[in-house]
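Me: Please take a close look at one part of this structure for me, the charged side chains. I would like to know which of them pair up, how covered they are and what lies around any that stay unpaired.

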Amino acid sequence: MSLLERTRSFGGARHGHAHRNSVQEDRQWEVVQEKTFMKWLNTKLETRGIPPMTSLAKDLSDGVRLIQLMEIMGDVTLGRYNVNPRMRVQKAENVTKALEFIRSRGIVLTNIGPEDIMDQNLKLILGMIWTLILRFTIADISEEGISAKEGLLLWCQRKTAPYDDVDVQNFTTSWKDGLALCALIHRHRPDLLDYHALDKSDRFTNTKLAFDIAERHLGIPQLLDVEDLCTRPDERSTMTYVASYFHAFSSMDRQETSTRRIQAFAEVMGSVWESRNRYEEKVRALLEALSQTQETWAAAPPASTYADAKTQSTEFAQHKKTTKREWVREKADCAALFGNIQTKLKTYNLRAYEPPVGVRLVDLDEKWREMVEAEAERSRAINARIREIKETLRKRFADLANDFERSLSSITAAIGKLDGELETQMETVRLLQAQLGPLTSTLDQNIAYADRECQEANVEENDYTIFSLEDLQFELGLVQQGVQNKLAFLENQAVAREASNVTPAKLEEFESTFRYFDHDDSNTLNLPEFAAALASLGIVYPEEQLYDIHAALSEESGMDEFVSFRSFVGFLVEKMEDTSSVEQLLEAFQGIAGPKPYVTELDLKLAALPPQTFDHLKAAMPRVRFADEPEDADPGEEGEAFDYEAYLAHVFEI
């Protein structure tokens, strides 16, 4: 055989082998599709109790099963047809009726006629059935706006996305290991399948497990054989089976959606009911609180004291900061809650909520206006009462202060009008002094208390009096000191009168010394004061002797550790006894003046008289003016001259 012949022979053999493989592959998918499509059609027949088909092409050839299937899938009646056709023409009528119904539903059938079905052309019959599957099972699948095959593929991808071992890219090889089916089941019914416990490498077991669970628990018939899907998956067959999953789970999703919708509606209504009850409770509680507060204010008696009024004012201010603000918040909450209820009801097209009379928002607004008026009235009443109490406090203090000052003035006036015998004046002063005790108590208690009340009430001005507590205290001190000094003066005068053998000047010196060292104006001298007074007079004793003298004089005075003026003068008179006859005094002045009938300032200075005595004599003795002496003459080195004889004559009335 030549090379050309051998080449032609090899080429022909190769072409024949490829043709046989193609025919074999076509036959394989026809077998798979025939089994799958027939099982799918039998599930339809089963719903009407019609016996299943055993041979797809043969059972459809007389048109009876085809008409029955169209009536089931279209949910219609196609009318009379040949139930038991024997002749070809009868079969043709049946098949034609079925095909016309299919075309009437807008389904396009290509390259198939009644003869093809009657002649049992399996390939064309499978194409027609696939068109029906697309129309009645897959066409209505939609996922995110994508329908049919692409929609089903997208749905599978979305559902299996959480599973790392599953990658759905088509309806052939992506399903060979059974994991995609198991993932779909686990995603929707995790109670039926433990996906994570699967042996990912055992595709046959995984696929069979998915088939069994789907048929037993989900009502999905096993349209495929395990071996077919795991070894030679057919796209149309796989799509037909997987579409059953979509419809089963979509039905479940729709049921769940319905359940959720009913549950959501019930929850909304329950929420509305709960909100209504809460709204009415809140409004009633707020109305009750407003009413109770108004009743409490109306029944509250006016404050009797400033402290009570201030307490009421503080409580009212605290009410506005706390309770009132809480009420404002509560009122706003009620309005918001009412609005939320109405919005919910309107969202679901339900009848608007109408609260019972008494808990409507208008009822709350009316009560709120009453509360605002009651608050204003309460504030005015408290402020008016505070003003009244302040005015009362002003008048009370003014009355006490004015009366007190008049009493002090009367005592001062009485002191100034004293006249008559020393004993009478002293008795009068003692009576006046006795009045100071009650006045002091009145000032320390009544007036001081009235002043504290004014201070606590922040009363800063008082048009009813010009006197303050400090003014009265100062005036009382002056009057007390004046009365005490007057009494001491009178008592001292009485002592001086009794000391007839002491000159007035000497008594004046004793008295001025006593007053100077009586630091507390008590008309007594304690031991240090007594010692200083004697020392100023040039009388000094040892400490122990001085102590004994002071103790003896204190006992004589009838006071513990204090020497009275009487005892002091008596001691000095006894110590410095001196007669004060006019002759002796005249002799004393002559001793100072010498042969002159007058005494000069220089004479008095040289006599070393105390400054106070020196000043007293200058002021008391009449001045001597010489005949030729001008009015503005310079007195010279000796100073002015004084007529001591005229002075003594005047003093002793001779």
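Reply: Happy to help. A salt bridge here is a side-chain nitrogen of Lys or Arg within 4 Å of a carboxyl oxygen of Asp or Glu. This is a predicted model, in which local features need pLDDT of at least 70, side-chain atom pairs count only at pLDDT 80 or more, and totals for chains, interfaces and linings use all residues. Residues are numbered from 1 along each chain as its sequence is written, and side-chain values use heavy atoms, with hydrogens and water left out.

There are 26 salt bridges in the structure. A good one to begin with joins Lys 367 to Glu 370, where nitrogen and oxygen are 3.5 Å apart. Both residues sit in helix H14, which covers residues 361-416, and they are three places from each other, so about one helical turn separates them. (Helices, H or I of at least four residues, and strands, E of at least two, are DSSP runs numbered from the N terminus.) Glu 370 is partly exposed, at 32% relative accessibility; buried would mean under 20% relative accessible area and exposed over 50%, with partly exposed in between, using a 1.4 Å probe and protein chains only.

Further along H14 you will find another pair set three residues, or about one turn, apart: Arg 385 and Glu 388. Their closest N and O atoms are 3.0 Å from each other. Both partners count as partly exposed, with relative accessible areas of 43% for Glu 388 and 23% for Arg 385.

Arg 360 and Asp 363 also form a salt bridge, with 3.0 Å between the closest N and O atoms. Here the two partners fall into separate classes of cover: Asp 363 is buried at 18%, whereas Arg 360 is partly exposed at 31%.

Not every link stops at two residues. Lys 35, Lys 39, Asp 225, Asp 228 and Arg 232 are tied together in a network of salt bridges.

Now for a charge without a partner. Arg 65, in helix H3 (residues 64-74), is buried but has no salt bridge. Asp 59 is its nearest side chain of opposite charge, at 5.8 Å. For such comparisons Lys and Arg are positive and Asp and Glu negative, while His and the chain ends are not counted.

What does Arg 65 touch, once neighbours within four places in sequence are set aside? The list is Leu 45, Ile 50, Pro 51, Met 53, Asp 59 and Leu 60, contact meaning heavy atoms within 4.5 Å.

The rest of H3 is covered as well: 11 of its 11 residues are buried, so the helix is largely enclosed by the rest of the structure. Besides Arg 65, the buried residues of H3 include Gln 68, Glu 71 and the nonpolar-looking run-mates Leu 66, Ile 67 and Met 70.

Met 70 turns up again in the largest nonpolar core, which has 78 residues; Leu 56, Met 70, Trp 175 and Tyr 245 touch the most other members. (Such a core is a set of buried Ala, Val, Leu, Ile, Met, Phe, Trp, Tyr and Cys residues joined through side-chain atoms within 4.5 Å.) Apart from this core lies another of 57 residues, with Tyr 306, Phe 338, Leu 439 and Val 479 among them. Leu 56 itself also meets a charged residue: leaving out residues up to four places away in sequence, its contacts are Glu 34, Met 38, Leu 41, Leu 122, Ile 125, Leu 126 and Ile 129.

Stepping off the end of H3 brings you to Asp 75, which has a positive phi of about 55 degrees. Asp 75 belongs to the loop between H3 and helix H4 (88-104) and is exposed, at 65% relative accessible area. Asn 349 likewise has a positive phi of about 55 degrees without being a glycine. The place of Asn 349 is the loop between helix H13 (323-347) and H14, and Asn 349 is exposed too, at 72%.

One last acidic residue to look up is Glu 511. Glu 511 and Leu 422 are what Gln 493 touches beyond four places in sequence. Gln 493 lies in helix H16 (residues 469-498) and is partly exposed, at 28%. Although Gln 493 and Leu 422 are 71 residues apart along the chain, their C-alpha atoms are separated by 7.9 Å.
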